[in-house]
Amino acid sequence: MQSVLQRPTVLLCAAVGLYLCVLGSVSLVASPQAVQAPVRNALPAVRTGAQIYDAACATCHARDGRGAPQSLLGFETEVRDFTDCTVSAEPTPDWYAVVHEGGPVRALDRHMPAFGEALTSEDIDKVVDHLRSFCAEQDRWPLGDLNFPRAFFTEKAFPENESVLETNVSTQGDHAIGNELVYERRFGARNQIEIKVPIDLQQQGDQPWVKGIGDVAFAFKRAFYANNGSGTIAAAGAELILPTGNADKGLGNGHTVFEPFAMWGQALPRDSYIQMHGGIEIPSDSAATKEAFLRTAIGTTFAQDRGFGRAWSPQVEVLWARPFGEPSEWDVVPQIQVSLSKLQHVLIAGGVRVPLTQRDERHAQALVYVLWDWFDGGFFSFWK
Ligand code: HEC
């Protein structure tokens, strides 16, 4: 029975061509349908990304990458416009996973078929490269591959669209819970603005708890260098911390702080990376101390389910700060980040900041953040 059904299908595919075959195999059975050998067989032995794309993807994504019109698609989900360079923010491993496993691996539409059996991993690399080429200004747009996992203190060079809620809790000494709401918005290929709003809760000795907004900060940065090939990105910018908090209650500095900074990120072999972030804090009040800092984060990413599933990124930060005229302060921050949603646009991280110097005044802090990359979709979308 099976062979009777299969043979005409295969013959038909060979005769009518690959377009119909892919379309046919997709619409016949509930997706994601693994597209089988016909795709591979119909391609020349040495094939380019463009050839693979035209044969296996263009029916839905259109030859020009803009997506086939709804009338031709036969399903309602709109497909993405690959000529829109903002797609460069999608990391290559995510696209690889979607092409290999089908849309549902990242909670995308089930009409996106799985090509893991029809295409070799080399084919998939080539066709993903071809997808990248639809963005006409590839060199200006840093790839999502340079968007390394977020560390607690070492800020990244990549211009992001995300919201983060970060909480730190002191483990000893005066009770203090610090919350920070961070909103980051990318504009253009390489720029980003950022707003940080601290909401603090503190208790000194047996005094009642004090709570309120601390010093709100605004920052701008620009990735002035990005090399997708070598996996390098560098950015510079500045932050202005305004005295919005009530300094008498211990909720702020009581003066403005100007902080020029620079950051650098480098991909290392085996999904590992190093990130650095240095700067100087210059207070408007000449009686307050200036401070130089350099923060380094080193980490790696593992993904479950043969590399296509949930991503775990353990990393460690080393923090150095030097108030002018005073000894250096050193801290280490072991931490781990894990993706929660299937699309990996909602992540959680936990860590501990452990002081290595001045340990009688400085205590360990527990840290947590939840990160939402809102550009990719609603907080509650794309979980299954
Ligand atoms: C039967 C139609 C169909 C075919 C054939 C098809 N796709 Fe898709 N593809 C979709 C749909 C539907 C989506 C989900 C909507 C979206 O994100 O654009 C999708 C999503 C994707 C995405 C994820 C885009 C994102 O949102 O990050 C990538 C990458 C992709 N397709 C690549 C390919 C490649 C490469 C091929 C050929 C090897 C291919 N597709 C063939 C329908 C198809």
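A pocket is taken here as an open set of grid points with protein on both sides within 12 Å along at least five of seven lines. In the predicted model, the second largest pocket has a volume of about 1100 Å³. Its lining comprises 47 residues, of which Pro91, Pro93, Gly144, Asp145 and Asn147 are the closest to the pocket centre. The elements that contribute two or more residues to this lining are helix 7, strand 7 (257-268), strand 8 (272-283), strand 10 (302-303), strand 11 (311-323) and strand 12 (329-339). Classified by residue type, the lining of the second largest pocket holds 19 nonpolar, 16 polar and 12 charged residues.

The protein that carries this pocket contains nine helices and 14 strands. Of its 384 residues, 45% are buried. Among contacts with a separation of 6 or more, 54% are made by residues 24 or more positions apart.

The ligand contains an iron atom, to which the protein supplies His61 through NE2 and Met112 through SD, at 2.0 to 2.1 Å. The two residues come from distant parts of the chain, 51 residues apart: His61 belongs to helix 5 (residues 58-61), whereas Met112 lies in the loop between helix 7 (92-101) and helix 8 (121-133). Six donor atoms surround the iron atom of the ligand, and the arrangement is octahedral because these donors subtend angles of 88 to 179 degrees. For six donors, that assignment requires opposite donors to be over 155 degrees apart and all other angles to lie between 65 and 115 degrees. Both protein ligands of the iron fall under the 20% cut-off for burial. His61 has a relative accessible area of 15% and is therefore buried; Met112, at 19%, is likewise buried.

Backbone geometry was examined next. Most residues other than glycine have a negative phi. Ala62, which is not a glycine, has a positive phi of about 70 degrees. This residue is located in the loop between helix 5 and helix 6 (70-73). With a relative accessibility of 14%, Ala62 counts as buried. A positive phi also occurs at Asp305, where the value is near 50 degrees. Asp305 is part of helix 9 (residues 304-307), and its relative accessibility of 54% places it in the exposed class.

Enclosed space was also considered. Rolling a probe the size of a water molecule over the atoms shows where empty space is left. A search of the whole structure returns two cavities of 30 Å³ or more. The largest cavity has a volume of about 90 Å³. Its lining is formed by Arg150, Ala151, Thr154, Glu155, Lys156, Glu162, Glu184, Gln192, Glu194 and Lys221. By class, these residues divide into seven charged, two polar and one nonpolar.

The second largest cavity has a volume of about 70 Å³. It is lined by Phe82, Val87, Ser88, Trp95, Leu131, Arg132, Cys135, Gln138, Trp141 and Leu143. This lining consists of seven nonpolar, two polar and one charged residues. Thus, seven residues are charged in the lining of the largest cavity, whereas seven are nonpolar in that of the second largest cavity.

Technical notes
Residues numbered from 1 in each chain as written. Predicted model: local features only at pLDDT ≥ 70, side-chain atom pairs only at ≥ 80, totals over all residues. Heavy atoms only, no water. Donors = N, O, S within 2.8 Å, 3.2 Å for Na, K, Ca; no water. Tetrahedral: all angles 85-135°; square planar, octahedral: opposite > 155°, others 65-115°. Helix = DSSP H or I, 4+ residues; strand = E, 2+ residues; numbered from the N terminus. Buried < 20%, exposed > 50% of the residue type's maximum accessible area, 1.4 Å probe, protein only. 1 Å grid on protein atoms, 1.4 Å probe; cavity = no way out; pocket = protein on both sides within 12 Å on 5 of 7 lines; lining within 4 Å. Points joined across faces, edges and corners; volume = space filled by probe spheres on them. Nonpolar A, V, L, I, M, F, W, Y, C, P; charged D, E, K, R; others polar. Contact = heavy atoms within 4.5 Å.
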